[in-house]
Amino acid sequence: WEGVEMATATLSWFHPFHSLGTIPCEDALLPAPQNISILSTNMKHFLTWSPVIIQGETVRYSVEFQGEYEREYANESWIPTCECSLITATVCNITEDISATVAYNLRVRANVGARRSEWGTLKGFFNRITTSLTPPLMKVIADGYHLLVELEDMGPAFQFFVLYWKKGEPGAKGDPSKVVKEVSSVVHLDTMEAGPDYCVKAQTYIEAINRSSSFSQTQCVRAQGGTSMWLVTALISAGVAVAALTLPFLTWKTSKIFQYSCCPIAVLPDTLVTFFTVLYGFLGCWVFTGAWGKLKKQTRE
């Protein structure tokens, strides 16, 4: 029996998983994710990391976060993110999880079956107040004499400060402005005068972090319809002038027709003919001159 026990001990000593405390292959730790960083623009936050490469295996990742409350009042506990549990992508949208303007810790771990890695942790804290803000996309529209602006819908957290002015006038603190809290299809800013350009620029503002973006590029428009109104006025004035000039001839022609059809031949005295001719000529010149002067004045404006 002593020989049997020695043989058993010898076999146990040379067992491949017993020798020197070697861990079985399936229980070996995976490499932890590296290069963990945050991309945050316009209050949308994404955690990214470099992939863990395991030949012939699909690596999955899980992400957890820790806010101020978890650190201070919940024994430094961690909370799994809603959208990033056992995902294959190397990016995680953590926007819904970053719900307060406080410092957050974030970490990610790799998984292959039952094997896991150590947690890879973001260096430093992340606070959404550091998000990068961009000016809104906008389109300035002239609808007749109405100055309108169409703004990009960036989400319920965003407000817009819109500044507009008449081009050529010196800028001042008293320039008209409008705060847009809810984006509809189009926002009416003002009623324009005919002639000058009106310019508009806008910036985003987020009350939750009390920060604003830079202003957008300035866009200018001019009232539409002013030129066409001048043209209509000119055409009407010209029509009146033509009618005034042709009216004497038409009156004379009509009188001749009636004279020869139903009335005896009678000749008007030369004095009356001269009077009516001068009167019609004066009226025609007065109407035409007034219309032409009005058209020139509107064109200069």
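A residue is called buried when its relative accessible area is under 20%, exposed when it is over 50%, and partly exposed in between. Keep those words in mind as you look around this structure, which is a predicted model.

## Two tyrosines on a helix

Let us start with Tyr69. Its relative accessible area is 54%, so Tyr69 is exposed. Tyr73 is exposed as well, because its value is 64%. These two tyrosines sit four residues apart in helix α2, which covers residues 68-73, so about one helical turn separates them. Tyr69 and Tyr73 also form an aromatic pair, with 5.7 Å from centre to centre and 40° between the planes, and this pair is tilted.

## A buried aromatic pair

How many aromatic pairs does a search of the whole structure find? The search finds four. Another of the pairs joins Phe65 and Tyr104: the ring centres are 6.2 Å apart and the planes meet at 55°, so this pair is tilted. Phe65 belongs to strand β3 (residues 60-66), while Tyr104 is in the loop between β5 and β6, and the two are 39 residues apart, so the pair links distant parts of the chain.

Are Phe65 and Tyr104 buried or exposed? Phe65 has a relative accessible area of 9%, so it is buried. Tyr104 is buried too, because its relative accessibility is 4%.

## Arg107 and its partners

Arg107 is a good residue to find next. The charged end of Arg107 sits over the ring of Trp78, at 4.2 Å from the ring centre. Arg107 also lies over the face of Trp119, and here the distance to the ring centre is 4.2 Å.

Which residue forms a salt bridge with Arg107? The partner is Glu64, and the closest N and O atoms of the two are 2.7 Å apart. Glu64 is in strand β3 and Arg107 is in strand β6, so this salt bridge ties together parts that are 43 residues apart in sequence. Both ends are buried: Glu64 has a relative accessible area of 14%, and Arg107 has one of 15%.

## The salt bridges side by side

Side chains of opposite charge can pair when their charged atoms come close. This structure holds three salt bridges, and the table sets them out.

| Salt bridge | N to O distance |
|---|---|
| Glu64 and Arg107 | 2.7 Å |
| Lys166 and Glu193 | 3.1 Å |
| Arg222 and Asp197 | 2.9 Å |

Take the pair of Lys166 and Glu193, whose closest N and O atoms are 3.1 Å apart. Lys166 is found in strand β11 (residues 158-166), Glu193 is in the loop between β13 (187-191) and β14 (197-206), and the pair links parts of the chain that are 27 residues apart. Lys166 is buried, with a relative accessible area of 18%. Glu193 is partly exposed, because its relative accessible area is 47%.

Now turn to Arg222 and Asp197, which meet through their side chains in a salt bridge of 2.9 Å. This pair also links distant parts of the chain: Arg222 lies in strand β16 (residues 219-222) and Asp197 lies in strand β14, 25 residues apart. Arg222 counts as partly exposed, with a relative accessibility of 45%.

## A loop with a buried and an exposed residue

Where is Thr131? Thr131 is in the loop between β8 (120-121) and β9 (138-143). At a relative accessible area of 1%, Thr131 is buried. The side chain of Thr131 makes a polar contact of 2.9 Å with the side chain of Ser40.

Phe125 also has its place in the loop between β8 and β9. Unlike buried Thr131, Phe125 counts as exposed, because its relative accessibility is 52%. Phe125 and Leu106 are 19 residues apart in sequence, and their C-alpha atoms are 7.9 Å apart in space.

## A nonpolar patch on the surface

Which residues make a nonpolar surface patch of about 250 Å²? They are Leu39, Phe46 and Val91. Of these, Val91 can be found in strand β5, which runs over residues 91-93. Val91 has a relative accessibility of 41%, so it counts as partly exposed.

Conventions:
Residues numbered from 1 in each chain as written. Predicted model: local features only at pLDDT ≥ 70, side-chain atom pairs only at ≥ 80, totals over all residues. Heavy atoms only, no water. Patch = residues over 30% accessible without salt bridge, like charges linked within 9 Å, V, L, I, M, F, W, Y side chains within 5 Å. Areas by Shrake-Rupley, 256 points an atom, 1.4 Å probe, with all protein chains shown as cover. Salt bridge = Lys/Arg side-chain N within 4 Å of Asp/Glu carboxyl O. Buried < 20%, exposed > 50% of the residue type's maximum accessible area, 1.4 Å probe, protein only. Phe/Tyr/Trp six-rings, centres within 6.5 Å; stacked < 30°, edge-to-face > 60°. Lys NZ or Arg CZ within 6 Å of the ring centre and 35° of its normal. Polar contact = N/O pair within 3.5 Å; in protein donor to acceptor, adjacent residues only side chain to side chain.
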